Amino acid sequence: MTQVLAAQRLKKSFGAVTAAADISLSFDSDTVVSLIGANGAGKTTFLNMVTGYLKPDSGRIQFGGRDIVGLSPRRIANLGISRSFQIPQLFQSMSVRDNLLLAESIAAADDPQAATDAALARFALADYAAQKAGLLPEGIRKLLDVAMALSSRSRLLLLDEPTSGVSADEKFAIMDVVMGAALAAGVTVIFVEHDMDIVARFAGRVVAFYEGGIIADGPPDSVLRAADVRRYVIGEELSDAVA
């Protein structure tokens with residue numbers, strides 16, 4: 001596989017708080033990776049550094065072999081890194097179709113109308129096309145947010161808590177649509193998630209963060225069973241014999 005993203009010795013502090021402590025990670029193409037950890041563990045800080053919303057204090061980030069540290073979020077997006085947020089970034093008073101049409105136009109699609117129709121079908125949004133984004137159920141808002149992110153013809157998609165606020169009955173169906181669309185487009189996916197059922201089902205690799213560092217990295221079955229992950233991420237009480 002081809003390496004898409006490589007972070008080398010990233011460090012980031014906010015005063016006395018260390019949000020990234022010498023983080024080194026690389027990601028291959030056509031993979032799905034989940035970042036897990038308690039709130040404040042450093043997951044979103046990592047996404048923010050990759051997407052240019054934060055500049056690391058030191059270290060390098062290479063995308064497609066190019067150093068992207070110091071580039072603006074817009075420039076990084078234009079290079080092929082897309083992101084959805086925990087709170088969907090939508091034009092609330094505009095229809096679903098118009099949100100997508102605007103995103104496709106900004107992305108300079110050859111035919112924005114046709115690209116919008118394709119996105120409506122790919123993300124199962126056709127029935128909501130005329131509805132205003134601000135009136136959509138949370139799960140559909142999440143789908144629209146991801147659909148707009150992918151309009152940039154990205155090679156790497158970063159998802160920040162894609163099932164946050166989504167009902168238990170909807171979460172797997174929402175992720176099925178998101179992952180199906182992303183993988184069909186040949187996009188590498190990195191997603192932050194607190195729901196371990198979602199992580200176990202959709203991730204091929206899991207990276208566990210704790211206090212700005214990495215405490216486990218590997219297949220979901222081994223990472224989710226690791227003692228440090230069970231204690232510091234999942235929150236289980238372990239006896240000394242088990243630990």
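Here are some friendly notes on the predicted model shown above.

1. Overall make-up. The protein contains 9 helices and 10 strands, so both kinds of element are there to look at when you colour it by secondary structure.

2. Overall dimensions. Measuring tape aside, the C-alpha trace of the protein spans about 60 × 40 × 35 Å along its principal axes. The radius of gyration is 18 Å, which agrees with the value near 18 Å that a compact globule of 243 residues would have.

3. Burial and surface. Of the 243 residues, 48% count as buried. The protein exposes about 11,100 Å², and 49% of that area is supplied by carbon and sulfur atoms.

4. Contacts along the chain. How much of the contact set joins residues at least 24 apart in sequence? Taking contacts between residues at least 6 apart, the share is 64%.

5. Charges. If you plan to look at electrostatics, here is the bookkeeping: the protein has 23 positive and 28 negative charges. The mean positions of the two sets are 7 Å apart.

6. Backbone at R9. Most residues other than glycine have a negative phi. R9 is not a glycine, yet its phi is positive, near 55 degrees. This residue sits in strand β1, which covers residues 3-14. Is R9 buried or exposed? R9 counts as exposed because its relative accessibility is 53%, and the cut-off for exposed is over 50%.

7. Backbone at D30. D30 also carries a positive phi, about 60 degrees, although it is not a glycine. Its place is the loop between β2 (17-28) and β3 (32-36). With a relative accessibility of 53%, D30 counts as exposed.

8. S29 in that loop. S29 lies in the loop between β2 and β3 too, but here the side of the ledger is buried: its relative accessible area is 17%, and buried means under 20%. Which residues does S29 touch, not counting those up to four places away in sequence? They are M1, T2, V4 and T188.

9. Loop in summary. For a second look at the loop between β2 and β3, I would put S29 and D30 on screen together: S29 is buried at 17% relative accessible area, whereas D30 is exposed at 53% relative accessibility. The positive phi of about 60 degrees belongs to D30, and the contacts with M1, T2, V4 and T188 belong to S29.

Methods:
Residues numbered from 1 in each chain as written. Predicted model: local features only at pLDDT ≥ 70, side-chain atom pairs only at ≥ 80, totals over all residues. Heavy atoms only, no water. Helix = DSSP H or I, 4+ residues; strand = E, 2+ residues; numbered from the N terminus. Rg over C-alpha atoms; globule rule 2.2 N^0.38 Å. Buried < 20%, exposed > 50% of the residue type's maximum accessible area, 1.4 Å probe, protein only. Contact = heavy atoms within 4.5 Å. Areas by Shrake-Rupley, 256 points an atom, 1.4 Å probe, with all protein chains shown as cover. Lys, Arg positive; Asp, Glu negative; His and termini not counted. Charge placed at Lys NZ, Arg CZ, Asp CG, Glu CD.
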